[in-house]
Amino acid sequence: MSRGNELKLSTKTRAIPVAMALAGSLALAACGASNESDTGSGSSDASGSAEQLSGTLNGAGSSAQQAAMQGWTAGFSKSQPDVTVNYDPVGSGGGREQFISGGVDFAGSDAALSDDEVTQAQQRCGGGDVFELPNYISAIAVVYNLPGVSDLQLSPDTIAKLFAGTITTWNDPAIAADNPDAQLPSTAITPVHRGDKSGTTKNFTDYLAKAAPTSWTAGAVDEWPSQGGEAANGTSGVVSAVQAGEGAIGYADESQAGSLGVAKIKVGDEFVKPSSEAAAKVVDSSSVVSGRGQYDFALDLNRTTTDPSEYPIVLVSYHIGCTQYDDATQADLVKAFMGYVISEDGQKAAADQAGSSPISDTTRGNSQKAVDAITSR
């Protein structure tokens with residue numbers, strides 16, 4: 001990664017990252033967290049009692065993780081002042097490609113590795129195990145702009161029809177059936193979707209494909225499959241477009257919904273609003289993709305849960321790396337940083353910075369097994 005294109009965040013004098021906007025990539029200068037993997041706690045140690053490390057750790061990938069990465073590197077700096085973490089938010093696909101080619105030590109990705117990519121990653125890891133850790137969880141809200149309707153309820157099939165363009169006005173019988181007590185206007189519906197490649201789109205359409213397969217037939221895709229509705233780039237673009245248009249509806253990171261209406265989604269027999277607890281809980285109820293390594297925790301998300309304490313429209317973003325590295329220093333750095341990321345302190349730092357949902361103790365315990373296994377050949 002070219003240092004001329006990096007955005008550097010100094011962590012030696014302050015815990016809050018300072019950004020200098022330079023061309024399209026992000027370098028985060030950070031200090032490491034305590035690596036307490038021998039205890040299995042995964043908690044950070046800001047007191048400086050951890051073994052002091054030095055060196056540079058390079059990662060690339062998901063832009064959704066960018067704000068969280070700022071929180072992680074700032075917190076990591078409290079115990080490891082001589083470690084620099086560079087993270088380039090080139091996008092999930094770019095991060096996976098760079099990791100597989102050996103260009104970075106770890107990747108951030110809003111989608112798990114494909115079967116072909118798993119094989120390539122194993123080769124990159126010298127034939128050893130690959131880890132995929134679901135370290136970033138964010139609820140995706142269905143946001144809307146409809147004056148006079150403050151408590152919108154939507155079933156999965158209705159949502160699918162709204163975004164497929166088969167429901168065109170807000171007083172449609174399907175919406176009325178979900179909202180028997182609401183006074184619904186005849187306002188035209190403008191569905192707003194991401195115009196760029198997006199992990200949020202991939203996770204949202206995965207929900208539609210699994211929860212309403214007869215009404216959403218385009219599958220799980222990271223690029224919107226139709227020309228209907230209005231396209232906007234980035235989460236901020238979608239939020240702005242929905243804010244600007246009466247009758248508009250879109251999907252966005254729940255932490256960015258602002259003053260927009262947030263729909264309740266039908267789960268089982270109840271309608272549920274997104275929350276950090278419900279987003280983390282649906283991850284716990286999801287199954288690990290079968291046929292992969294013992295430290296690969298890629299998830300087949302439980303989008304069709306009927307438990308109203310779970311919220312099924314979530315984005316899960318992974319950290320991907322090797323359990324064995326050629327260089328002992330790199331192994332130590334990856335182990336220390338991932339140990340901090342999954343710790344309670346690390347997850348709180350991400351939540352404070354990015355509004356993400358902290359992982360549960362169950363998810364942390366699984367991820368700790370992978371962190372414990374990281375070593376050099």
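**Exercise 1. Find what the side chain of Ser198 contacts, and say where Ser198 sits.**

Step 1. In this predicted model, the side chain of Ser198 comes to 3.0 Å from the backbone nitrogen of Thr200.

Step 2. A polar atom of that Ser198 side chain also lies 3.0 Å from the backbone nitrogen of Thr201.

Step 3. To place Ser198, look at the loop between β7 (190-194) and α6.

Step 4. Buried means under 20% relative accessible area. Ser198 has 3%, so Ser198 is buried.

**Exercise 2. Describe the largest pocket and its lining.**

Step 1. Start with the volume, which is about 1100 Å³ for the largest pocket.

Step 2. The lining has 44 residues, and those closest to the pocket centre are Ser92, Asp110, Ala111, Gly199 and Asn203.

Step 3. Next, list the elements that give two or more residues to this lining: α1 (66-76), α2 (92-100), β5 (130-144), α6 (199-211), α7 (234-244), β14 (299-300) and β15 (314-322).

Step 4. Which element gives the most to the lining of the largest pocket? The answer is α6, with six residues.

Step 5. Sort the lining residues by type: 15 are nonpolar, 16 polar and 13 charged.

**Exercise 3. Compare the surroundings of three salt bridges.**

Step 1. Side chains of opposite charge can pair when their charged atoms come close. The count of salt bridges in the model comes to 14.

Step 2. One of them joins Lys161 and Asp157, with 3.2 Å between the closest N and O atoms. Helix α4 (residues 156-164) holds both Lys161 and Asp157, which are four residues apart, about one turn of the helix.

Step 3. Are Lys161 and Asp157 buried, partly exposed or exposed? Buried ends at 20% and exposed begins over 50%, with partly exposed in between. Lys161 has a relative accessible area of 28%, so Lys161 is partly exposed. Asp157 is partly exposed too, at 28%.

Step 4. A salt bridge within helix α11 (residues 361-373) links Arg364 and Asp361, which are three residues apart, about one turn of the helix. The closest N and O atoms of Arg364 and Asp361 are 2.6 Å apart.

Step 5. Check both ends of this pair. Arg364 has 8% relative accessibility and is therefore buried, whereas Asp361 is exposed at 58%.

Step 6. Which residues do salt bridges with shared partners join into one network? They are Asp115, Glu132, Arg292 and Asp296.

Step 7. Within that network, the side chains of Asp296 and Arg292 meet at 3.9 Å, N to O. Asp296 is buried at 3% relative accessibility, and Arg292, at 19%, also counts as buried.

**Exercise 4. Check the length of helix α9 and decide how enclosed α9 is.**

Step 1. Helix α9 (residues 328-342) has 15 residues, and at 1.5 Å a residue they should span 21 Å.

Step 2. The end C-alpha atoms of α9 are 21 Å apart, so the two values agree.

Step 3. Of the 15 residues of α9, 12 are buried, which means that α9 is largely enclosed by the rest of the structure. Among the buried residues are Leu333, Lys335, Phe337, Met338, Tyr340 and Ile342.

Step 4. Look at the start of α9, where a side-chain oxygen of Asp327 comes within 3.0 Å of the backbone nitrogen of Thr329.

**Exercise 5. Contrast Ser357 with Pro173.**

Step 1. Locate the two residues. Ser357 belongs to the loop between α10 (344-354) and α11, while Pro173 lies in helix α5 (residues 173-178).

Step 2. Is each of the two buried or exposed? Ser357 counts as buried because its relative accessibility is 3%. Pro173 counts as exposed because its relative accessibility is 64%.

Step 3. For Ser357, add a contact: a polar atom of its side chain lies 3.4 Å from the backbone oxygen of Ser276.

Step 4. For Pro173, add a distance: its C-alpha atom is separated by 10.0 Å from that of Thr158, and the two are 15 residues apart along the chain.

Notes: Residues numbered from 1 in each chain as written. Predicted model: local features only at pLDDT ≥ 70, side-chain atom pairs only at ≥ 80, totals over all residues. Heavy atoms only, no water. 1 Å grid on protein atoms, 1.4 Å probe; cavity = no way out; pocket = protein on both sides within 12 Å on 5 of 7 lines; lining within 4 Å. Points joined across faces, edges and corners; volume = space filled by probe spheres on them. Nonpolar A, V, L, I, M, F, W, Y, C, P; charged D, E, K, R; others polar. Salt bridge = Lys/Arg side-chain N within 4 Å of Asp/Glu carboxyl O. Buried < 20%, exposed > 50% of the residue type's maximum accessible area, 1.4 Å probe, protein only. Expected span 1.5 Å × (residues − 1). Polar contact = N/O pair within 3.5 Å; in protein donor to acceptor, adjacent residues only side chain to side chain.
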